[in-house]
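Student: I should like a close look at a single part of this structure, set out as one connected account. Please choose a strand and its surroundings, and then place them in the wider setting of the chains.

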Amino acid sequence: MTHPHSERVSPTVPIGRRVAAIATAVLVGAGLSLLAAAPAQGAGVGYVRLAHLSPDSPEVDVYLDPTGPNKPNFKSKVFGGVGYGVVSAYQIVPVGSYLVSMRPKGAPPNTPTTLTATVNVLAGKAYTVAGVGKNVDLGLRVLVDDLSRPQSGKAKVRIIQASGIAPLLDISLPNGTPIAVGVAFATTTAYQQVAPGTWSLQLKPAGSGTASTVNTTLDSGDVYSLIVLDDANGRLKAEVRVDARGGSSVPVEGVGTGGGGLRSSNPLAMIGIGVAMAAALGLLSVRLFRLSRRRS
Amino acid sequence: MNDASSPVAAVGVARVPAIGVAAVDPANLAVPEPAPMSEPAPMLQPAPMSTSRAARVRRPPRLQRQIELTVFAITGLLVLALGTLVAVGGAGERWSLPNAGWVEPCVHGACLEVGMAAAPGGPTRVQIPSIKVDSLLEPLHRDANGVLQAPVAFLRAGWYAEGVVPGDPGPAVIAGHVDSLDGPAVFAKLHELRAGDTVVVVRGSEPVTFQVTATGRYPKNQFPTDQVYGPTPGAELRLITCGGAFDEARGSYHDNVVVYAVAVSD
């Protein structure tokens with residue numbers, strides 16, 4: 001034996017400690033289990049969509065791949081031939097990390113990527129991963145889409161400015177009331193709370209140019225993106241996307257859905273636990289007492 | 001629009017001052033990945049005495065056996081106690097943690113697309129095969145205080161008729177009782193649902209299939225309204241019933257059990 005001294009410890013101490021330690025471990029384990037059983041929250045899913053918002057960039061193939069520990073949870077997906085102005089439907093994905101990558105249209109999957117971005121999807125959250133900017137400085141950006149509930153009686157809308165012919169964009173109502181001033185190309189505004197209803201919006205490059213009109217109806221409780229693009233004739237156009245729908249009438253609090261007819265089994269459970277715990281502790285103390293007497 | 005004649009007056013946004021704020025925030029790219037699962041912590045290990053046991057021959061074999069029996073008995077009783085807690089909790093009380101994982105969402109090789117069109121008309125039936133629920137649906141409304149009213153019948157679920165129709169984009173809500181005054185009701189086993197379970201809502205003659213993604217239990221005074229009723233891109237469903245301890249004074253359960261599901265196209 002290499003450590004003879006360690007073996008001369010009197011056996012009474014370790015035995016008592018051993019019993020106590022194991023009992024403690026079991027009790028602690030039981031306590032942790034009780035704690036862990038109280039709250040409950042699922043892992044859930046989030047949403048990811050992909051967009052090509054670079055006016056002078058050619059079509060691309062976009063890949064959505066799970067990464068790291070998330071790999072087994074999701075089958076990779078490819079969007080082929082995505083061109084300027086295309087915004088995919090939201091994809092439901094398990095929470096976790098994803099790599100979004102772009103390759104030239106038709107390029108084999110094993111060829112180097114043009115651009116990549118990582119998006120970490122949280123439960124219930126939504127993301128738009130977009131290729132933005134002019135082709136010379138094309139970048140993949142992750143927009144967090146704040147789909148939280150609008151204020152009561154309001155809709156939410158934001159502007160995604162992807163028009164290359166309007167370095168700065170002004171949006172106003174037909175009577176000239178400004179809605180948004182100087183929205184820079186390749187930026188996105190925060191969502192704004194607006195009154196629901198039918199809107200007519202005038203879009204024009206800041207300081208000059210001809211206004212384009214877009215009409216849209218926004219419903220209470222819903223969330224929208226107004227995507228501003230170049231059209232084929234060098235003019236502004238806008239598309240209104242429904243990012244999410246919530247409905248206009250949201251109840252308060254929870255629901256009273258129980259009469260209590262099944263509650264009687266609860267006291268029984270508590271009694272069973274109490275009896276078993278008391279028995280365990282009693283047995284433990286009796287045994288320890290006998291052990292100590294035996295050795296004294 | 002509530003008043004189409006005055007859209008301008010209704011504008012709540014004089015300006016959008018946040019313009020130019022580069023919402024395209026590269027910081028989003030830097031969200032750290034969750035740390036890899038570490039090795040499970042070793043269970044409390046007995047002192048390294050196995051190799052040295054021969055040296056400590058003073059312990060009588062009978063004593064040794066008694067110790068082992070004692071530990072065995074204590075462990076057994078505690079396991080029994082825990083088992084009682086988990087298994088005999090009663091319908092309202094019984095609740096174990098949902099699956100942490102998620103069932104492969106790419107059904108039949110195709111990933112879920114959101115925003116599928118649903119058949120017109122209100123829902124008439126909800127079916128949850130894994131807990132043997134097949135119930136007609138009654139329309140539910142809010143009371144004067146804005147609180148969602150539970151179904152009239154204990155054995156029949158209801159859908160929130162002022163909200164999203166199941167199958168349409170957004171969070172549709174179906175509620176049902178966990179028990180009556182006498183015994184189990186339609187959603188007595190709702191808490192047993194786990195991620196991946198299937199829920200079918202019949203709308204007209206068309207079934208809309210949902211897949212459970214998460215479950216939760218919340219005190220009613222901390223009901224997660226935003227999470228349950230908040231806007232969603234695709235068609236989603238929430239199933240709600242009661243759970244937790246029964247408040248004898250108020251005559252109601254303390255918690256609400258919520259099951260979250262998303263529509264799947266198959």
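Tutor: The account below begins with one strand of chain B, proceeds to two residues elsewhere in that chain, and ends with the chains as a whole. The model is a predicted one.

The part chosen is strand β5 of chain B, which spans residues 198-203. Five of its six residues are buried, and β5(B) is therefore largely enclosed by the rest of the structure. The cut-off behind this statement is a relative accessible area under 20%.

Two strands pair with β5(B), and each may be taken in turn. Strand β1 of chain B, residues 123-128, runs antiparallel to β5(B), and four bridges join the two. Within this pairing, Pro123(B) has Arg203(B) of β5(B) as its bridge partner. Strand β6 of chain B, residues 206-219, also pairs with β5(B) in the antiparallel sense, here over six bridges. In that pairing, Val199(B) stands opposite Phe210(B) of β6(B). β5(B) and β6(B) form a hairpin with two residues between the strands. In this hairpin, Gly204(B) takes a positive phi near 65 degrees.

A residue of another strand leads back to the β1(B) region. Ser135(B) belongs to strand β2 of chain B, residues 133-140. Its relative accessible area is 3%, so Ser135(B) counts as buried. The side chain of Ser135(B) reaches the backbone nitrogen of Ala157(B) at 2.9 Å. With neighbours within four places in sequence left aside, the contacts of Ser135(B) include Thr124(B), Arg125(B) and Val126(B). The numbers of these three residues fall within the range 123-128 given for β1(B). Ser135(B) is also in contact with Leu155(B), Arg156(B), Ala157(B) and Val186(B).

Asp247(B) offers a contrasting case. This residue lies in strand β7 of chain B, residues 235-247. Asp247(B) has a relative accessibility of 26% and so counts as partly exposed, whereas Ser135(B) is buried. Apart from neighbours within four places in sequence, Asp247(B) is in contact with Ser252(B) and Tyr253(B).

These details belong to a chain with three helices and eight strands. From the N terminus on, the elements of chain B follow the order α-α-β-β-β-β-β-β-α-β-β. Chain B has 266 residues, and 47% of them are buried. Of its contacts between residues at least 6 apart in sequence, 60% join residues at least 24 apart. Chain B exposes about 13,000 Å², of which carbon and sulfur atoms supply 59%.

Chain A may be set beside this description. It has two helices and 18 strands, and 49% of its 296 residues count as buried. Chain A exposes about 12,900 Å², with carbon and sulfur atoms supplying 60% of that area.

One sheet of chain A also merits description. Four strands form an open sheet in the order β12-β11-β15-β16, with antiparallel pairing. β12(A), residues 178-184, and β16(A), residues 212-218, stand at the edges with a single partner strand each, so one side of each is left without a neighbour in the sheet. From one strand to the next, the twist averages 25 degrees. Within this sheet, β11(A), residues 168-172, pairs with β12(A) in the antiparallel sense over four bridges. There, the bridge partner of Ser172(A) is Pro178(A) of β12(A).

Notes
Residues are numbered from 1 along each chain as its sequence is written. Chains are lettered from A and ligands numbered from 1 in the order in which they are written. This is a predicted model: local features need pLDDT of at least 70, side-chain atom pairs count only at pLDDT 80 or more; totals for chains, interfaces and linings use all residues. Side-chain values use heavy atoms; hydrogens and water are left out. Buried means under 20% relative accessible area, exposed over 50%, partly exposed in between (1.4 Å probe, protein chains only). Two strands pair if DSSP finds at least two bridges between them. A polar contact is a pair of N or O atoms within 3.5 Å; within protein, one must be able to donate a hydrogen and the other to accept it, and residues adjacent in sequence count only if both atoms are side-chain atoms. Contact means heavy atoms within 4.5 Å. Accessible areas come from the Shrake-Rupley method with a 1.4 Å probe; for residues, only the protein chains shown count as cover. Axes are lines fitted to C-alpha atoms, for helices over the stretch in contact, and angles run from 0 to 180 degrees between N-to-C directions.
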